[in-house]
Every structure is written in structure tokens, then in C-alpha cells.
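Below is a structure to be read through its fold, its cores and its empty spaces. Please look at it before going through the questions.

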Amino acid sequence: TGGKISAAIKAGEIETEITKKDIESTENRLISELAQRYFQVKLADEALVVRKQVLEGMKKHLYNATKLEENGIIAPSEKIVAEVAVSEANREVLSAEKNTKLGRTALANTLDADQITENLTSPFFTNITLYSLASYKEAALKNYPELNKVLLQKQLADQAVKAKKAMYYPEVAAFGQTILAHNNPIGFGILESSKERPWVVGVGITYNIFSGMKNKNELKAAVSARKGIDFLEAKAQKDVTTLVENMYFEIQKSQDEIDNLKVQEKLATELVRARQKAFAEGLATSTDVIDAENGLSLVKLLILNAKYIYITSLAGLLEFSGQSKDFMKYTH
């Protein structure tokens with residue numbers, strides 16, 4: 001058939017491989033989604049702990065302010081400021097509790113579960129050893145399922161071009177005919193002699209000498225589609241390697257932020273202690289203590305957020321480099 005049948009068989013095989021890549025891509029995407037939603041719950045849970053710590057600190061400050069105000073050491077307005085701070089801290093706790101519920105609902109949807117009530121045991125992790133950026137880019141070009149699909153689609157387009165070119169070739173059919181058995185007066189018998197078994201053989205050729213411009217136009221369209229995939233492949237490769245690079249640097253950036261914020265956390269903790277002591281001695285205002293408490297909680301929340309970005313960026317890096325299944329080894 002001029003190659004039409006072989007092209008169709010090869011195209012079927014390629015389409016099967018494309019389907020496999022679709023499945024692999026879906027699996028990798030779900031791993032990234034699981035990582036995102038799992039650690040989103042961890043982020044909400046630990047943020048709730050921070051908010052509760054702030055609330056306890058504000059309640060303690062209000063208690064101290066009440067005693068000092070009763071003894072005439074501070075003005076009544078200082079106690080009012082402390083009461084407002086307790087109210088605000090309580091509002092933040094209620095908001096954080098809602099965030100944990102929303103996060104667990106999203107995680108349950110990913111896991112196809114009714115609800116997630118138990119505590120999540122895998123902690124935030126950082127400071128993992130990354131390979132070189134070049135190795136992740138190389139892995140992406142080789143393993144990322146969506147890029148693999150583009151390569152397969154290019155092969156599929158090649159087969160489409162072959163099939164259209166086959167329209168210009170004749171269809172050749174060879175045939176042969178003979179009598180293997182016959183009925184005779186004695187009964188059913190087999191012809192054994194070649195003289196008794198005459199053959200008819202031949203070759204048939206079919207060629208469409210006129211199809212208007214149909215074949216030419218279809219071939220031109222197939223070739224154009226093939227060239228279009230080349231441009232798509234180049235753009236897809238550039239986009240994927242750019243994403244890999246961005247996520248790689250996002251991981252490094254998050255690690256730097258965590259290291260710097262931990263230093264700030266130590267300073268903020270000491271500032272809270274100093275402000276509380278100064279307030280008890282009448283050398284600081286309620287606003288000073290509240291600002292110090294809020295400053296410490298802000299640093300703690302920034303650390304948690306940086307850890308979350310670190311992990312989700314890692315999940316993305318592994319997904320785009322075709323290594324999503326390796327993510328699980330970091331959670332143990």
C-alpha cells in the first residue's frame with residue numbers, strides 16, 4: 001500500500017506511548033499536589049500554634065497590666081491597649097483554626113478521603129543536598145513526560161507524512177490460486193501431483209492517476225504540522241528548563257531566608273523578654289510589649305512560610321525533572 005499500513009501500525013504504537021506518558025504526567029502532578037496540600041495543612045497547624053502562643057502572651061501581659069494599673073503604676077489606657085491586643089490575638093486564633101479546617105478538606109479531596117482528623121507526622125524539612133542545576137535541566141529534557149509527549153507527537157507527525165506520501169505510490173497486490181482438494185466418484189481426495197494441482201498467479205497494481213489537489217494539499221498540511229511541532233518542542237524545552245531553574249533558585253532562596261530568619265527569631269525572643277521586664281518596671285508601655293510579641297510571631301510565621309515554599313518548590317523541581325517519585329524519600 002505504499003507504506004500506509006506500516007505507518008498506521010507505527011502511529012498506533014506511538015499513540016499508546018503517548019497515553020502512557022499522560023498517565024505518568026498525571027501521577028507526577030498528583031504527587032506535587034499531595035505535597036502542596038499536605039504541607040499546607042502542616043503550615044496551618046503550626047501557624048495555629050504560633051497564634052495560640054501569641055494569645056497566651058497577650059493574656060499574660062493583660063494580667064500584668066491589670067495588676068500594675070490597680071497599684072497605680074501605669075495609666076488605665078495601658079490596660080485598655082492590652083485588652084485590645086488580647087481581642088486581636090483571639091481573632092487571629094479563630095482565623096487560624098478555620099485555615100486548618102480548609103487545609104484538611106483540600107488534603108482529604110486529594111487523598112479521596114472523607115476527612116483528615118489525625119495529626120500529620122511528616123515534619124517540614126530543609127537543608128537537603130541538591131544536585132547541580134545542569135543535572136536537573138538535563139533530567140527534565142530527558143524525563144519530563146510532557147516533553148516526551150512532544151517527541152512522540154513529532155514521531156506521530158512523521159508517520160502522518162509517510163502516510164500522505166504513500167498516496168503517491170501505487171497499491172500492489174499479489175495473488176495465487178490453486179485447487180487443494182476435489183470431489184471424485186470415489187470420494188473426497190487431495191491432489192498430490194503438481195500437474196493435478198494447477199496454479200494461477202498474478203500481480204495487480206492500482207494507481208489513482210487523478211485526485212485533483214487533494215493528495216498534494218493533505219501532504220502539505222502534514223508537513224506543515226510536522227514543522228510546527230519542531231517550534232513547539234523548542235519552546236517547550238526552553239519553558240521547562242526555565243521553570244526548573246526558577247524552582248532551583250527558589251529552594252536556595254528559601255533556605256537563605258530560613259537561616260536569616262532564625263537569627264532574627266533569637267533577637268525577637270530576647271526583645272520580648274526585655275520589653276516585658278521593662279514594662280514591669282514602668283520603663284516600657286503596653287504598645288512596646290505588644291509590638292515585641294507581634295514581631296516575634298511574625299518572624300515565626302515567616303520561617304514557616306519559607307519552609308512551605310522550600311518544600312513545594314522541591315516538589316515542582318522534581319516533577320519537571322521527571323523525578324517526582326523521589327520526593328517521598330525526603331519525607332522520612
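The questions and answers that follow concern this predicted model.

Q: In what order do the helices and strands of the protein run from the N terminus on?
A: The protein has six helices and four strands. The strands follow one another, with helices before and after them. From the N terminus on, the order is α-α-α-α-β-β-β-β-α-α.

Q: What is the radius of gyration of the protein, set against that of a compact globule of 332 residues?
A: The C-alpha trace spans about 135 × 50 × 40 Å along its principal axes. A compact globule of 332 residues would have a radius of gyration near 20 Å. For the protein the value is 37 Å.

Q: What share of the contacts between residues at least 6 apart in sequence joins residues at least 24 apart?
A: Buried residues account for 37% of the 332 in the protein. Among contacts between residues at least 6 apart in sequence, the share joining residues at least 24 apart is 81%.

Q: Which helix supplies the largest share of the largest nonpolar core?
A: This core has 39 residues, and those touching the most other members include F39, F125, V244 and L317. At least two residues each come from α1 (4-70), α2 (76-111), α3 (133-143), α5 (214-280) and α6 (286-320). The largest share, ten residues, comes from α6.

Q: Which residues does L314 touch, not counting those up to four places away in sequence?
A: L314 is one of the residues that touch the most other members of the largest nonpolar core. With residues up to four places away in sequence left out, L314 touches F125, I128, L130, I251, F327 and Y330.

Q: How many residues does the second, separate core have?
A: L48, A85, V86 and A278 are included in this second core. The count of its residues is 19.

Q: Which element gives the most residues to the lining of the largest pocket?
A: The pocket holds about 190 Å³ of space. It is lined by 13 residues, with L43, A44, A47, N99 and L301 nearest its centre. Two or more lining residues come from each of α1, α2 and α6. The most, five residues, come from α1.

Q: How does the lining of the largest pocket divide by class?
A: The lining consists of 13 residues. By class, they are seven nonpolar, four polar and two charged.

Q: What is the volume of the largest cavity?
A: A search of the whole structure finds one cavity of 30 Å³ or more. Y131, Y136, L318, Q323, D326, K329 and Y330 line the largest cavity. Four of the lining residues are nonpolar, one is polar and two are charged. The volume is about 30 Å³.

Conventions
Residues are numbered from 1 along each chain as its sequence is written. This is a predicted model: local features need pLDDT of at least 70, side-chain atom pairs count only at pLDDT 80 or more; totals for chains, interfaces and linings use all residues. Side-chain values use heavy atoms; hydrogens and water are left out. On a 1 Å grid over the protein atoms alone, a cavity is a set of points where a 1.4 Å probe fits but cannot get out, and a pocket is an open set with protein on both sides within 12 Å along at least five of seven lines; lining residues have an atom within 4 Å of a point. Grid points are joined across faces, edges and corners, and a volume is the space filled by probe spheres set on the points. Ala, Val, Leu, Ile, Met, Phe, Trp, Tyr, Cys and Pro count as nonpolar, Asp, Glu, Lys and Arg as charged, and the others, Gly among them, as polar. A nonpolar core is a set of buried Ala, Val, Leu, Ile, Met, Phe, Trp, Tyr and Cys residues joined through side-chain atoms within 4.5 Å. Buried means under 20% relative accessible area, exposed over 50%, partly exposed in between (1.4 Å probe, protein chains only). Contact means heavy atoms within 4.5 Å. The radius of gyration is taken over C-alpha atoms; the globule rule is 2.2 Å times the number of residues to the power 0.38.
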